[in-house]
Amino acid sequence: MTTPFSHNVPSPSNSGFEVGVQVIDRQVRFSQCIVWDLLEDFYRKQGINAWKSIPYGITNTVAIADTYAQLFANWLADHVGQLDKNHPIYAIEAAAGVGQFGYFFVRQLQHYLAADKRLVDLNVITVITDFAQSIIDEWQHNEKLAPFIKRGQLDIALFSPEYDQSLCLQHANKTLKPDDFVNPCLVIGNYFFDSLRQDFFKIIDHRLHEVRVNTYRHVDTQGYNKPLSIASLMIDECPLPLDTDAVAQYYPNPVHNHILAQWAKDWEHHAFELPVGAFQVIENLRRLTNDNLLLLMTDKGDVHPGIVKRFNHRVLDKHGEGFSFPVNFLAIQQLAEAHGGHVLLTHDEHLRLRTCWMDFSPMARQEGHGHNTTAFFERYLQETNLLNQVFSVYRWLTRANTAMAQPKDPNTLANDEQDDVFMDFVGILQLCQYDPWALQLIDCYIGELALTNSFRKHLLFNCMQRVEANLYPSRNHIESYFLLATLYKLLDRYEDALRVINELLAAEPDHVDGLLLKANLYHHLGNPSVIEVYHQCLQAMAADNPMRHDVENMITMLTAAMADMPEMADSPKNA
């Protein structure tokens, strides 16, 4: 496929670079560098085999497909009186890959349509699409898809949502053009927008800079003619200043330039990305559907300017010869709203996955439209957020199955591993609605939590407060009290930890670990009763407990210290 950004690999031109370096791109926009062509090439050549190295399980689950189907069914119910039942309603999945999500989605959607008498007469056709012909050929022989194709509920199409102006249905033998979308058309993009072209910018000294990039690879004397690969490429950034006139004309589309200008003005001292590939997809889909577009997407990304990742080549999340990139959902929301679209977007800062619903249809401009749609989104995607819960469980179970070893010291984990452990820990608690018992299920990972910044500490503290609100003095929760106090101590919230541990000891006075933790907290708080608590520990310990010697030594040390500091012995007790 020829795109506006297609490359011819240059002959070596290494001015400014050391010998043994082959320069591919020199000071080009990131959206125009070679990595995007290599990525498209990878998917096209590998076809269905690409997913041997590309993760897809989490966005292809029954739970996520069911949530999408329910959301769409709610939208149909909201607007059923305005739909033309003489024409089909299309639900198109872009970049459907293995087809697993499409299968679950059409199955669940047809179930909800049949169960609702308001919707039973609607002709809703799901269309799974991809731009690789070999994938289309695979679907044609898929026994799971066949029954839905036979009933006319599912079709297949070769389609690139970035560039194609029409869509040819393989089984209906019909080419869809703008006039064919009499009813609004749903387009689904799961883990798709994170593989589309992006540009990068920085605000340096209150002035906007575009981030141009050099791409190159290290080669030996025989290596210049070897095929390029994403894994072998290095990317360096080169910020270049932009004046106001340059910003106003940076892109051919004035709406895109307006969004760029807003970021330059509003988010000083930040680096940010603009998802120009996503912009292009949305604009193209709006044209294709005659502005009768519904768009539903889930991806990794950001909705708060302050946490949009600064660009460097390590931000690329590589999967073999594929890669993905966090999506700037705030910019996508700005684009949709600039075109009069109605946007629903998950906003919690700690979410791994963002879900965005965009309605560009004429119904979106009607007052009070979409009540059921909004209510469902807020309940199941914003509040309980099933997609992120499933994602965390998936990753957690994967880690448990592949790494049953002892917890690691957080200082030995790479930054991305620390992020994985911390965010999954929080996600599991959210999944269990902050049930204290959940702490007992994941307590072995407490030692791996790396609280390296104030955001993580604040987030964990909020989670612990929610867990504490659900504590109940039953046998089932005894260890949860202890674990919660341990986490408060990890956060340096000693008074909170002491409050919880006292509640534990009120229910079980001889809880040895609880007594040891209380003594440790007293030590931190300078409470002279620490010696008394250590004596209680000795009384509760079994005679063969290996920690008895350590406790006795601690009592001796503290007694000697208090003898040298009589004012400490006279200080008030902090129970």
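A residue counts as buried when its relative accessible area is under 20%, as exposed when that area is over 50%, and as partly exposed in between. In this predicted model, five residues of helix 10 meet the first condition, namely Thr 373, Phe 376, Phe 377, Leu 381 and Gln 382. Phe 377 is also the centre of a kink of about 25 degrees in helix 10.

**Overall composition**

The protein chain has 575 residues, of which 54% are buried, and its secondary structure comprises 20 helices and 17 strands. Of the contacts in the chain with a separation of 6 or more, 74% are accounted for by residues that lie 24 or more positions apart.

**Nonpolar cores**

In soluble globular proteins, nonpolar side chains tend to be buried together. Here the largest nonpolar core has 69 residues, and those with the most contacts inside it are Phe 30, Val 35, Phe 72, Leu 76, Phe 105, Leu 186 and Trp 357. Helix 2, which spans residues 62-79, supplies the largest share of this core, with ten residues. Apart from this core lies another, of 56 residues, which includes Ala 438, Leu 483, Cys 537 and Met 541.

Phe 105, named above for its contacts within the largest core, is also one of the residues touched by Thr 126. Thr 126 belongs to strand 3, residues 124-130, and, because its relative accessibility is 2%, it counts as buried. When residues up to four places away in sequence are not counted, Thr 126 touches Ala 91, Phe 105, Val 106, Leu 109, Gln 153, Leu 154 and Asp 155.

**A cavity beside helix 10**

Rolling a probe the size of a water molecule over the atoms shows where empty space is left. A search of the whole structure finds three cavities of 30 Å³ or more, and the second largest cavity has a volume of about 40 Å³. The lining of this second largest cavity is formed by Trp 75, His 342, Leu 344, Trp 357, Asp 359, His 369, Gly 370, Thr 373 and Thr 374, which divide into three nonpolar residues, five polar residues and one charged residue. At least two lining residues come from each of strand 16 (342-345), strand 17 (353-359) and helix 10 (371-383). Trp 357 thus appears in this lining and also among the residues with the most contacts inside the largest nonpolar core, while Thr 373, another lining residue, is one of the buried residues of helix 10.

**Individual residues outside the cavity**

Most residues other than glycine have a negative phi, and most peptide bonds are trans. Two residues with a positive phi, neither of them a glycine, are set out below.

| Residue | Phi | Location | Relative accessible area |
|---|---|---|---|
| His 206 | about 65 degrees | loop between strand 8 (199-204) and strand 9 (207-218) | 53%, exposed |
| Asp 492 | about 65 degrees | loop between helix 15 and helix 16 (494-507) | 48%, partly exposed |

Helix 15, which precedes the loop of Asp 492, covers residues 478-490 and contains Leu 490. Leu 490 is partly exposed, because its relative accessible area of 36% falls between the limits of 20% and 50%. Leaving aside neighbours within four places in sequence, Leu 490 is in contact with Ile 446, Leu 449 and Leu 451. The C-alpha atoms of Leu 490 and Ala 450, which are 40 residues apart along the chain, are separated by 9.9 Å.

Methods
Residues numbered from 1 in each chain as written. Predicted model: local features only at pLDDT ≥ 70, side-chain atom pairs only at ≥ 80, totals over all residues. Heavy atoms only, no water. Core = buried A, V, L, I, M, F, W, Y, C linked by side-chain atoms within 4.5 Å. Buried < 20%, exposed > 50% of the residue type's maximum accessible area, 1.4 Å probe, protein only. Helix = DSSP H or I, 4+ residues; strand = E, 2+ residues; numbered from the N terminus. 1 Å grid on protein atoms, 1.4 Å probe; cavity = no way out; pocket = protein on both sides within 12 Å on 5 of 7 lines; lining within 4 Å. Points joined across faces, edges and corners; volume = space filled by probe spheres on them. Nonpolar A, V, L, I, M, F, W, Y, C, P; charged D, E, K, R; others polar. Bend = angle between axes of the 7 residues up to and from the residue. Contact = heavy atoms within 4.5 Å.
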